[in-house]
Amino acid sequence: MKQPASYLTVGRTLFISMIVLIIFVIGTAFLRKYVHPLPETVDMDKSTRSFEMMSVVLGLLAGGCMAGYFSFDYSKVDFKFKNGALLVSWSYISAIYLLVFLIMYAMRKASAFRIMDGWATFLLFLATYAFLNGLVLFENWKMAQFQKNDG
């Protein structure tokens, strides 16, 4: 039985993971270079609290996107609506990526990373990468399943 072209192989998985890593490293480098914590002269209590609340709200939005993404079921989509289904699914993934980077922006601006140890920052980087990479790999796997079932 011939496998579909988008079947998730080890090589394809590594290729996708490498692309996600490159995108994540570029985003992280951008944040490190261009986003500076608030200066000491700013009222830190109000500003930090504002950025913390913004992080919470963005986290809630990201959680809503995750709920929408994982409730999306390709098996209930007719083949003729496949492209629309892919657009919806990838829109959720894009929104999650953007919200994660906005959360990281708010945390960096509020000096949250300044108080973290280097190893904890590295673990945060790895955990966030694993999460975002898992989303993309899971979506590719779901797409392959969708193509298998459509005949």
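**Exercise 1. Ser111**

Task: Determine whether Ser111 is buried or exposed in this predicted model, and state where Ser111 lies in the chain.

Solution.
Step 1. The relative accessible area of Ser111 is 9%.
Step 2. Buried means under 20% relative accessible area. Ser111 is therefore buried.
Step 3. Ser111 belongs to the loop that lies between H3 and helix H4 (118-149).
Step 4. The backbone of Ser111 has a phi near 70°, a positive value in a residue other than glycine.

**Exercise 2. The chain as a whole**

Task: State how many helices and how many strands the chain has, and what share of its residues is buried.

Solution.
Step 1. The count of secondary structure gives four helices and zero strands.
Step 2. Read from the N terminus, the order of the elements is α-α-α-α.
Step 3. The chain has 151 residues, and 35% of them are buried.
Step 4. The accessible surface of the chain is about 9600 Å², and carbon and sulfur atoms account for 70% of this surface.
Step 5. Consider the contacts between residues at least 6 apart in sequence: 86% of these join residues at least 24 apart.

**Exercise 3. The packing of H1 and H3**

Task: Describe how helix H1 is placed against helix H3, and identify the residues that make the contact.

Solution.
Step 1. Helix H1 covers residues 10-34 and helix H3 covers residues 82-109. Their axes are 10 Å apart and form an angle of about 30°.
Step 2. Angles under 35 degrees count as roughly parallel. H1 and H3 are therefore roughly parallel to each other.
Step 3. The crossing of the helices H1 and H3 is right-handed.
Step 4. On the side of H1, the contact is made by Val20, Phe24, Gly27, Thr28, Leu31 and Arg32. On the side of H3, Tyr97, Phe101, Met104, Tyr105 and Arg108 take part.
Step 5. Sorted by class, the contact of H1 with H3 comprises seven nonpolar, two polar and two charged residues.

**Exercise 4. Ser89 in helix H3**

Task: Which residues does Ser89 touch, not counting residues up to four places away in sequence?

Solution.
Step 1. Ser89 is a residue of helix H3.
Step 2. The relative accessibility of Ser89 is 0%, so Ser89 counts as buried.
Step 3. The residues touched by Ser89 are Tyr69, Phe72, Tyr74, Glu139 and Lys142.

**Exercise 5. Two residues of helix H2**

Task: Classify Leu58 as buried or exposed, and give the relative accessible area of Glu52. State also how far each lies from a residue distant in sequence, namely Leu99 for Leu58 and Ile103 for Glu52.

Solution.
Step 1. Helix H2 (residues 44-71) contains Glu52, and Leu58 is found in helix H2 as well.
Step 2. Leu58 has a relative accessibility of 11% and so counts as buried. Glu52 has a relative accessible area of 45% and is therefore partly exposed.
Step 3. Leu58 and Leu99 are 41 residues apart along the chain, while their C-alpha atoms are separated by 6.1 Å.
Step 4. Leaving aside neighbours within four places in sequence, Leu58 is in contact with Leu99, Leu102 and Ile103.
Step 5. Glu52 and Ile103 are 51 residues apart in sequence, and the C-alpha to C-alpha distance between them is 9.1 Å.

**Exercise 6. Arg12 and Asn140**

Task: What distance separates the C-alpha atoms of Arg12 and Asn140, and in which helix does Arg12 lie?

Solution.
Step 1. Arg12 is part of helix H1.
Step 2. The relative accessible area of Arg12 is 31%, so Arg12 is partly exposed.
Step 3. Along the chain, Arg12 and Asn140 are 128 residues apart. In space, their C-alpha atoms are separated by 9.7 Å.

Notes: Residues numbered from 1 in each chain as written. Predicted model: local features only at pLDDT ≥ 70, side-chain atom pairs only at ≥ 80, totals over all residues. Heavy atoms only, no water. Helix = DSSP H or I, 4+ residues; strand = E, 2+ residues; numbered from the N terminus. Buried < 20%, exposed > 50% of the residue type's maximum accessible area, 1.4 Å probe, protein only. Axes fitted to C-alpha atoms, helices over the stretch in contact; angles between N-to-C directions. Parallel < 35°, antiparallel > 145°, perpendicular 65-115°, else oblique. Left-handed = near helix turned anticlockwise from the far one by under 90°. Contact = heavy atoms within 4.5 Å. Nonpolar A, V, L, I, M, F, W, Y, C, P; charged D, E, K, R; others polar. Areas by Shrake-Rupley, 256 points an atom, 1.4 Å probe, with all protein chains shown as cover.
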